[in-house]
Amino acid sequence: MEPVAQRRESCRGVILFGPPGSGKGTQAKLLVETWPVPHISTGEMLRDAIESGDSIGREVSAIVRGGGLVPDALVNLLVERRLAQPDCAAGFVLDGYPRTLEQAKVTMDLFRQRGIREVVIYLAVDYNVIIARLTGRRQCASCGALYHVAFQPPRRDGVCDFDGEALYQRDDDTEAVIRQRLVAYEEKTLPILRYFQESGRRWVEVASSTESPLWVNERIRQAVEAA
Ligand code: AMP
């Protein structure tokens, strides 16, 4: 695959938007293979904090495990600090953020202040596809590679193809918690699209229910190139 063209003059901030299970994590990983900028996943940051048992982790553990949303102020701070790192100067990919109207407003203010050009990608996916995708999802604890027990199984059951480490299932990938995450998406996250529309911002919608991850990746790469 051709690398995404780098441009010196300005920073491009890609926002991968869509319900849980729409492929944001998979697409972020594919995109940064040809466009070497940081992949910033707020879900990963929070899971790392929970794993390490630090004060943030203790604060958010029950919320994340129950499929709810962590308070805006905390997530906004984590992202703002991360975007101030020098490796974000040319661009970055946000996966799972912004997720509320308040987060979206903070993000747009930050982009405006820092002259960052936004590229909003909306991964549209049928809800009935989501449950099947997420309940079968497995991830390598070491390198983060993603698998699906039926659609993209590893060569050896439960073992990562790349580094031989054990695969695990996220605590919040059970059907009951997925339904709760979808409720949070409907109530808190979807209104962001209306806000983008009303404030004259545009997004690129990419159908991602049945299309292959590589096809979706190509559409995203084109949108990033064009921005
Ligand atoms: P994800 O890995 O993006 O599916 O996120 C996993 C969980 O982390 C979510 O269900 C939320 O509990 C929490 N989380 C991740 N990103 C955010 C965010 N931007 N705002 C609030 N909570 C978040």
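**Figure 1. Elements covering the buried residues of helix α8 in the predicted model.** The cover over the buried residues of α8 includes three strands and helices named here by range: β1 (11–17), α5 (101–114), β4 (116–124) and α7 (175–189), together with β8. The helix itself spans residues 191–198, and its buried residues are Ile 192, Leu 193, Tyr 195 and Phe 196. Viewed down the axis of α8, these buried residues fall within an arc of 160 degrees, so they line one face of the helix.

**Figure 2. The exposed face of α8 and the residue Gly 200.** Arg 194, Gln 197 and Glu 198 are exposed and sit on the face of α8 turned away from its buried side. Gly 200, which follows α8, has a positive phi, near 75 degrees.

**Figure 3. Surroundings of Ser 209.** Ser 209 belongs to the loop between β8 (203–207) and α9 (213–226). Its relative accessibility is 17%, so Ser 209 counts as buried. A polar atom of the Ser 209 side chain lies 2.8 Å from the backbone nitrogen of Asp 126. Apart from neighbours within four places in sequence, Ser 209 is in contact with Ala 124, Val 125, Asp 126, Val 129 and Arg 133.

**Figure 4. The largest cavity and its lining.** The structure holds one cavity of 30 Å³ or more, and the volume of the largest cavity is about 60 Å³. Residues lining the largest cavity include Asn 76, Glu 80, Tyr 97, Thr 107 and Phe 111. Helices α4 (72–83) and α5 each supply at least two residues of this lining. By type, the lining residues divide into seven nonpolar, two polar and one charged.

Technical notes. Residues are numbered from 1 along each chain as its sequence is written. This is a predicted model: local features need pLDDT of at least 70, side-chain atom pairs count only at pLDDT 80 or more; totals for chains, interfaces and linings use all residues. Side-chain values use heavy atoms; hydrogens and water are left out. Helices (H or I, at least four residues) and strands (E, at least two) are DSSP runs, numbered from the N terminus. Buried means under 20% relative accessible area, exposed over 50%, partly exposed in between (1.4 Å probe, protein chains only). A polar contact is a pair of N or O atoms within 3.5 Å; within protein, one must be able to donate a hydrogen and the other to accept it, and residues adjacent in sequence count only if both atoms are side-chain atoms. Contact means heavy atoms within 4.5 Å. The arc is that of the directions from the helix axis to the C-beta atoms. On a 1 Å grid over the protein atoms alone, a cavity is a set of points where a 1.4 Å probe fits but cannot get out, and a pocket is an open set with protein on both sides within 12 Å along at least five of seven lines; lining residues have an atom within 4 Å of a point. Grid points are joined across faces, edges and corners, and a volume is the space filled by probe spheres set on the points. Ala, Val, Leu, Ile, Met, Phe, Trp, Tyr, Cys and Pro count as nonpolar, Asp, Glu, Lys and Arg as charged, and the others, Gly among them, as polar.
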